Amino acid sequence: MTEVIVLNGGSSSGKSGIVRCLQAVLPDPWLALGTDTLVDAMPASMQASDAGVEFGPDGQVIVGPEFRTLEAAWIEGVAAMARAGARVIVDEVFLGGAESQKRWQKALGELRVLWVGVRCDSAVAAGREVARGDRVIGMAASQADMVHRGMVYDLEVDTTHAESMECARTIAAQVS
């Protein structure tokens with residue numbers, strides 16, 4: 001049985017909408033956790049610090065050593081919840097591409113994971129970013145392709161033209 005679903009995609013690619021739809025269509029309860037959960041849990045001082053995470057005016061995301069330390073603990077914590085019996089959907093932005101995936105693979109170890117790439121045309125994601133109003137303009141375009149470099153997925157969905165529910169149903173069909 002699938003224990004963890006990891007969705008990876010750039011900012012404003014539609015991951016969060018897919019997560020909500022997955023929670024609605026999957027028969028069992030699934031926890032939703034993501035990189036935004038981690039950033040929101042950090043002290044405000046780390047959200048504008050060389051050691052924490054900085055958001056450049058062009059949408060660039062720069063992470064420092066204190067962020068990486070907390071991120072590593074958080075990843076291990078998510079894996080521990082799954083090992084304890086919670087089914088978890090992870091909403092992630094793998095800024096480091098394959099290196100980011102390797103960190104998660106190491107922590108998730110023997111757990112059964114469904115790796116899902118969430119793609120979206122960069123222009124469409126950029127339009128969503130503007131409409132959201134809560135992101136630094138430029139993040140969506142800069143991340144659209146970068147987060148998928150070197151990645152290995154079990155499944156990919158594209159939200160450029162597909163709605164969140166359609167993508168969620170495609171993913172749910174792969175959950176055993």
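Let's start at Gly133, the residue that follows helix α5 and has a positive phi, near 75°. Helices here are DSSP runs of H or I with at least four residues, strands are runs of E with at least two, and both are numbered from the N terminus. Keep in mind that this is a predicted model, where local features need pLDDT of at least 70, side-chain atom pairs count only at pLDDT 80 or more, and totals for chains, interfaces and linings use all residues. Residues are numbered from 1 along each chain as its sequence is written, and side-chain values use heavy atoms, with hydrogens and water left out.

Now hop to the other end of α5, which covers residues 122–132. At its start, a side-chain oxygen of Asp121 comes within 3.0 Å of the backbone nitrogen of Ala123.

Next, head for the inside. A nonpolar core is a set of buried Ala, Val, Leu, Ile, Met, Phe, Trp, Tyr and Cys residues joined through side-chain atoms within 4.5 Å. Buried means under 20% relative accessible area, exposed means over 50%, and partly exposed is in between (1.4 Å probe, protein chains only). The largest core here has 27 residues, and the ones touching the most other members are Val4, Val6, Trp104, Leu108 and Trp115. Who supplies this core? Two or more residues come from each of β1 (4–8), α2 (35–41), α3 (65–83), β5 (88–92), α4 (98–108) and β6 (113–119). Helix α3 gives the largest share, 6 residues.

Zoom in on Trp104 for a moment. Skipping its neighbours within four places in sequence, Trp104 is in contact (heavy atoms within 4.5 Å) with Trp74, Ile75, Val78, Val90, Glu92, Phe94 and Trp115. Apart from the largest core lies another one, of 19 residues, including Ile18, Trp30, Ala162 and Ile171.

What about disulfides? A pair of cysteine sulfur atoms has to be within 2.5 Å to count, and the total by this rule is 0. Cys21 is in no disulfide, and its nearest cysteine sulfur, the one in Cys167, is 8.9 Å away. Cys21 is buried, at 15% relative accessible area, and Cys167 is buried too, at 3%.

Finally, let's look at charged pairs. A salt bridge is a side-chain nitrogen of Lys or Arg within 4 Å of a carboxyl oxygen of Asp or Glu, and by this rule there are 8 of them. In one of these, Arg87 pairs with Asp28, their closest N and O atoms being 2.6 Å apart. Arg87 sits in the loop between α3 and β5, while Asp28 is in the loop between α1 (15–25) and β2 (31–34), so the pair ties together parts that are 59 residues apart in sequence. Arg87 is buried at 12% relative accessibility, whereas Asp28 is partly exposed at 32%.

Another salt bridge joins Arg103 and Glu71, at 3.9 Å from N to O. Because Arg103 is in helix α4 and Glu71 in helix α3, this pair ties together parts 32 residues apart in sequence. Here Glu71 is the buried partner, at 9%, and Arg103 is partly exposed, at 32%.

Arg83 and Glu110 form a salt bridge as well, with closest N and O atoms 3.0 Å apart. This pair links distant parts of the chain, with Arg83 in helix α3 and Glu110 in the loop between α4 and β6, 27 residues apart. Arg83 is partly exposed at 38%, and Glu110 is exposed at 58%. To finish, Arg68, Glu71 and Arg103 are joined into one network by salt bridges that share partners.

Conventions
A polar contact is a pair of N or O atoms within 3.5 Å; within protein, one must be able to donate a hydrogen and the other to accept it, and residues adjacent in sequence count only if both atoms are side-chain atoms.
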